[in-house]
Amino acid sequence: MKVINTFSLLLIGLLLNVNCYAIDIEVLKEQCNEIGFKIHTPDNGKCVLRLMESAAKQRTKEDAEQRAFQDQQIAKIEETRRENARRRQQNEMLELQRRSIESQEKMVKAQQREAGFELIGKSLEAFSNANRPAPTPKIHIECTTFGNRTTCD
């Protein structure tokens with residue numbers, strides 16, 4: 001009876017450490033029975049414990065693989081997010097450059113218009129001056145009066 005109590009305690013301990021996976025002990029007992037360990041014997045109990053340990057190790061391995069896969073997926077998602085952020089940043093920079101170029105083009109066009117108007121103004125002024133008669137020079141005349149007589153030089 002003492003062997004069965006120890007076996008029961010070990011079995012309960014393993015059940016608590018099996019990562020909360022449901023294991024059908026009856027199926028494991030049957031598997032051990034098929035191997036040759038009679039049900040309700042200590043050897044069958046040891047066999048069941050070994051199968052449970054093996055299943056727990058397999059689940060631990062599967063869990064690790066699942067975590068590794070999830071970590072890879074998370075890394076891919078993060079990389080995609082970083083790539084999208086980088087692309088958004090590049091698009092913003094391109095938009096700023098486009099606006100800067102448009103602004104510079106507007107300034108150049110305004111300068112060209114101003115230079116054109118200045119050239120037109122100078123041309124009109126030159127045309128006006130060409131058709132205007134030359135100004136007559138002013139002569140300084142000095143006059144003197146002596147009695148009733150005035151003379152100018």
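A salt bridge is here a side-chain nitrogen of Lys or Arg within 4 Å of a carboxyl oxygen of Asp or Glu. In this predicted model, the side chains of R99 and E95 satisfy that criterion, with an N to O distance of 3.1 Å. By this rule, the count comes to 9 salt bridges, of which a subset in helix 3 is described below, together with a nonpolar surface patch.

Side chains of opposite charge can pair when their charged atoms come close. R99 and E95 both lie in helix 3, where a spacing of 4 residues places them about one turn of the helix apart. E95 has a relative accessible area of 27% and is therefore classed as partly exposed, since that class lies between the limits of under 20% for buried and over 50% for exposed. A salt bridge also joins the side chains of R98 and E102, for which the N to O distance is 2.4 Å. R98 and E102 are likewise placed in helix 3, and their separation of 4 residues again corresponds to about one turn of the helix. Both partners are partly exposed, R98 at 37% relative accessibility and E102 with a relative accessible area of 34%. These pairs do not stand in isolation, as E95, R98, R99 and E102 are linked in a network of salt bridges.

A further salt bridge is formed between E83 and R86, whose closest N and O atoms are 2.3 Å apart. Because E83 and R86 are 3 residues apart in helix 3, about one helical turn separates them. With regard to solvent accessibility, E83 counts as partly exposed at 21% relative accessibility, a value that lies just above the limit for burial, given that buried means under 20%. R86, at 36% relative accessibility, also counts as partly exposed.

Apart from these charged pairs, a nonpolar patch is found on the surface, formed by F117, I120 and L124, which together present about 340 Å² of accessible area. L124 belongs to helix 3, which comprises residues 42-131. The relative accessible area of L124 is 53%, so this residue is classed as exposed, the threshold for that class being over 50%. L124 thereby also satisfies the accessibility condition for membership of a patch, because patches are made of residues with over 30% relative accessible area and no salt bridge.

Definitions and conventions. Residues numbered from 1 in each chain as written. Predicted model: local features only at pLDDT ≥ 70, side-chain atom pairs only at ≥ 80, totals over all residues. Heavy atoms only, no water. Patch = residues over 30% accessible without salt bridge, like charges linked within 9 Å, V, L, I, M, F, W, Y side chains within 5 Å. Areas by Shrake-Rupley, 256 points an atom, 1.4 Å probe, with all protein chains shown as cover. Helix = DSSP H or I, 4+ residues; strand = E, 2+ residues; numbered from the N terminus. Buried < 20%, exposed > 50% of the residue type's maximum accessible area, 1.4 Å probe, protein only.
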